[in-house]
Amino acid sequence: MADFTKQIEQRAQTINMNAGPSPLPQDALLTAAASLLSFQGSPGMGIAEISHRSKAFADVFNEANADLRSLLEIPDNYKVLWMQGGGLTQFAATVLNLNAWYRTKHQLSAADQVEGWYAVTGSWSKKAADEATRLGVKARKVVDGKKLGGGKFRSIPPGREWDLPQLEENQRKPAFVYYCDNETVDGVEFGGQGSDTEFPFSQIDPEVPIVCDMSSNFLSRPVDVSKYGIIYAGAQKNLGPAGVTIVIVREDLLVNVDEAVQYGSAPIPSMLSYKVMADDNSLFNTPPTFAIYVCSLVLRSLLESPPLPLAASAAPLSPLSDFADKKSALLYTAIDESAGFYAGTADKGVRSRMNVTFRINGGDEDLEKDFIKQASDLGIKGVNGHRSVGGLRASIYNAVSLEGVQRLADLMRTFREKHA
Ligand SMILES: Cc1ncc(COP(=O)(O)O)c(C=O)c1O
């Protein structure tokens, strides 16, 4: 019989700051572990061993949907889809579905070119724009963060400085405007630490759907879903295990992708069609049932035991936002008071509250390696920067405790005192 005492002790000594997959609430994991053997809705059979069409799974799935809807206050005219293939698949699916929707709406022909406008503020939105180009949709960069940052993604300009074309009446609008709310690699977030740099909604034609990749700050703050056409998020940061991706899509954007072929749309795999998924309540094929189950447990724990008290009439996710502000402030303060020994890689005002990225002593790789080792010796794991940019990155998602972040801030101080 498994006895989890040792594993729980090891977890207590570990502060997991991996960027994704990342830590999940321990209670949810313990319940999930027991449910693998025998699930209360199907005694004698584990949650991963029962049909996705069974009542026991339907109960889990319905509860997860209801909890997600209430946490994000999702309006009734939006569908929630549970898809597979992660964020990268959504780079394609958003383009394919909205290309089909736009072509159908405007009854285009194959020769007509469709555009999507991309705010490229970091590595992930850049990849998304590249994927649109691959798929034959013209990706116009309305923000080129790398250019603005002298070769590094570090800033988001205010909306008035975006390169938003002023269209003549006879010019076609873009099919969508796309952005990534939190750039996990570069540590750049709309509405980041201590700022109100929000996406410039008012400057976008209300007829043009806004698409947002919220993979790495999903469920970390309230969101006005009604401002969006599509929001998507891979689960593996704040919601659950890798393998499931949430897509929240406004109903009027759902289109029959087969009918869209006559308007010049490429045929789309059924598994990537939002309408197919919505019509089948995300059960078009076998969904990742275990991953969804863990998500359901995490959602329940966010609702029932938020990390800070929920004030009356506040949005259900506001305690998580306050929590993220508090935790990230500990690290940004350690950076800002270091007289340049630590330097944040993102500009103030767009600093991510989920992924705190910084360099040591102007990018001294030996010192950075030493810091990562010392952090690891203290049980703080995963603070190395993404392999494409180097440096350090502390990912402090919902399940990372305030005490854990404090421990890293303390190390930053003692390390600086020794090496500055
Ligand atoms: C913001 C963001 N978008 C997209 C992705 C890609 O997600 P996936 O690896 O699930 O395809 C990631 C991965 O970390 C991410 O952080």
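This section describes a predicted model, moving from its open sheet to a helix pair and then to two buried residues.

The sheet is built from seven strands in the order E2-E10-E9-E8-E5-E3-E4, and it is open, with mixed pairing. Its edges are taken by strand E2 (78-83) and strand E4 (138-144), each of which has a single partner strand, so that one side of each is left without a neighbour in the sheet. On average, and with direction ignored, neighbouring strands of this sheet are turned by 20 degrees against each other. Within the sheet, strand E8 (residues 210-213) pairs with strand E9 (residues 230-234) in the parallel sense, over three bridges, and Val211 has Ile230 in E9 as its bridge partner. Helix H4 (residues 86-106) lies across E2, strand E3 (115-120), strand E5 (176-180), E8, E9 and strand E10 (245-250), and runs at about 160 degrees to E9.

A further packing arrangement involves helix H9 (residues 318-336) and helix H11 (residues 402-419), whose axes are 9 Å apart and enclose an angle of about 5 degrees. Because this angle falls under 35 degrees, H9 is described as roughly parallel to H11. On the H9 side the contact is made by Phe323, Lys326, Lys327, Leu330, Leu331, Thr333, Ala334 and Ile335, which meet Leu402, Val405, Gln406, Leu408, Ala409, Met412 and Arg413 in H11. Sorted by class, the contact of H9 with H11 comprises ten nonpolar, two polar and three charged residues.

Ala128 is placed in helix H5 (residues 123-134) and is buried, its relative accessible area being 0%. When residues up to four places away in sequence are not counted, Ala128 touches Phe91, Tyr118 and Tyr178. Ala128 and Cys180, although 52 residues apart in sequence, are 9.2 Å apart in space from C-alpha to C-alpha.

Ser22, by contrast, lies in a loop, the one between strand E1 (15-16) and helix H2 (26-37). With a relative accessible area of 9%, Ser22 is also counted as buried, because buried means under 20%. A polar atom of the Ser22 side chain lies 3.0 Å from the backbone oxygen of Gln236, and the side chain of Ser22 also reaches the backbone oxygen of Lys237, at 3.5 Å. Leaving aside residues up to four places away in sequence, the residues touched by Ser22 are Asn16, Gln236, Lys237 and Tyr397.

Technical notes
Residues numbered from 1 in each chain as written. Predicted model: local features only at pLDDT ≥ 70, side-chain atom pairs only at ≥ 80, totals over all residues. Heavy atoms only, no water. Axes fitted to C-alpha atoms, helices over the stretch in contact; angles between N-to-C directions. Helix = DSSP H or I, 4+ residues; strand = E, 2+ residues; numbered from the N terminus. Parallel < 35°, antiparallel > 145°, perpendicular 65-115°, else oblique. Contact = heavy atoms within 4.5 Å. Nonpolar A, V, L, I, M, F, W, Y, C, P; charged D, E, K, R; others polar. Pairing = 2+ DSSP bridges. Buried < 20%, exposed > 50% of the residue type's maximum accessible area, 1.4 Å probe, protein only. Polar contact = N/O pair within 3.5 Å; in protein donor to acceptor, adjacent residues only side chain to side chain.
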